[in-house]
Amino acid sequence: SYASAQTAAFVTQNTPWSSSSYANAMDAQFGAGNWTSSTFSSVDVNDLFTNHDFIYLDGSDNSADELESFLAAHGPALESWVADGNRLFLNAAPNEGDGMNFGFGGVALEYDASTTFVNDVEPFDAGSLVWDGISVSAFSGSYFGHAIICPAGMVGHLHEINNTGRVVLASMS
């Protein structure tokens with residue numbers, strides 16, 4: 001589980017909305033002082049891949065272009081780091097760019113502001129371990145997802161209601 005991570009890192013560029021909500025969530029999950037925060041433009045990549053076993057890369061809102069550049073520059077090292085047993089969480093709800101390649105055998109994010117917004121989602125399997133401790137049936141919001149993920153080799157967890165091809169949360173081992 002993510003809670004078992006020894007050293008966690010949160011990397012973004014322009015933290016959207018309230019930076020304290022991200023800090024509070026990381027503190028709640030890993031404990032205050034048990035995680036580091038950095039930006040895509042200033043992170044020490046050697047330290048990131050050497051001294052952390054969980055990385056949260058946040059490319060939401062106006063950080064999508066920076067996430068895409070980071071993945072383009074460090075994708076093979078990131079994939080190797082994950083293959084070594086470390087854990088990665090990517091969040092990309094962009095308000096810029098045109099999608100991106102996440103690597104990992106063809107995982108891609110599709111973003112087109114006119115067609116990829118998803119308002120209402122439901123789980124593929126509400127009994128999945130990804131929902132451990134969470135009662136889940138459906139979620140809705142003003143643009144719950146800004147983009148859809150193309151889960152080549154992935155397990156989908158949330159999709160647009162009545163459209164299983166529009167996945168907004170997926171995972172892979």
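Trainee: Which residues do ring pairs link into a cluster?
Mentor: This is a predicted model, in which local features need pLDDT of at least 70 and side-chain atom pairs count only at pLDDT 80 or more, while totals for chains, interfaces and linings use all residues. Residues are numbered from 1 along each chain as its sequence is written, and side-chain values use heavy atoms, with hydrogens and water left out. Rings of Phe, Tyr and Trp (its six-membered ring) pair if their centres lie within 6.5 Å, planes under 30 degrees apart being stacked, over 60 edge-to-face and the rest tilted, and the structure holds nine such aromatic pairs. The cluster is made by ring pairs that link Phe10, Tyr22, Tyr56 and Phe89.

Trainee: How many residues apart are Phe10 and Tyr56?
Mentor: Phe10 and Tyr56 form an edge-to-face pair, 5.0 Å centre to centre with 90° between the planes. Strands here are DSSP runs (E, at least two residues) and helices are runs of H or I (at least four), numbered from the N terminus. Phe10 lies in strand S1 (residues 8–12) and Tyr56 in strand S3 (residues 54–58), so that the pair links distant parts of the chain, 46 residues apart.

Trainee: Is Phe89, the other partner of Tyr56, buried or partly exposed?
Mentor: Buried means under 20% relative accessible area, exposed over 50% and partly exposed in between (1.4 Å probe, protein chains only). Tyr56 is buried at 14%, and its edge-to-face pair with Phe89 has 5.0 Å centre to centre and 80° between the planes. This pair joins S3 to strand S4 (residues 87–91), 33 residues apart. Because its relative accessibility is 29%, Phe89 counts as partly exposed.

Trainee: Which strands stand at the edges of the open sheet?
Mentor: Two strands pair if DSSP finds at least two bridges between them, and five bridges join S3 to S4, which run parallel. The open sheet of four strands has the order S2-S1-S3-S4, with parallel pairing. Each edge strand has a single partner, so one side of it is left without a neighbour in the sheet, and these edge strands are S2 (35–39) and S4.

Trainee: Which element gives the largest share of the largest nonpolar core?
Mentor: A nonpolar core is a set of buried Ala, Val, Leu, Ile, Met, Phe, Trp, Tyr and Cys residues joined through side-chain atoms within 4.5 Å. The largest one has 28 residues, and those touching the most other members include Leu48, Phe70 and Phe102. Elements giving two or more residues include S1, S3, helix H2 (45–51) and helix H3 (64–83). The largest share, six residues, comes from H3.
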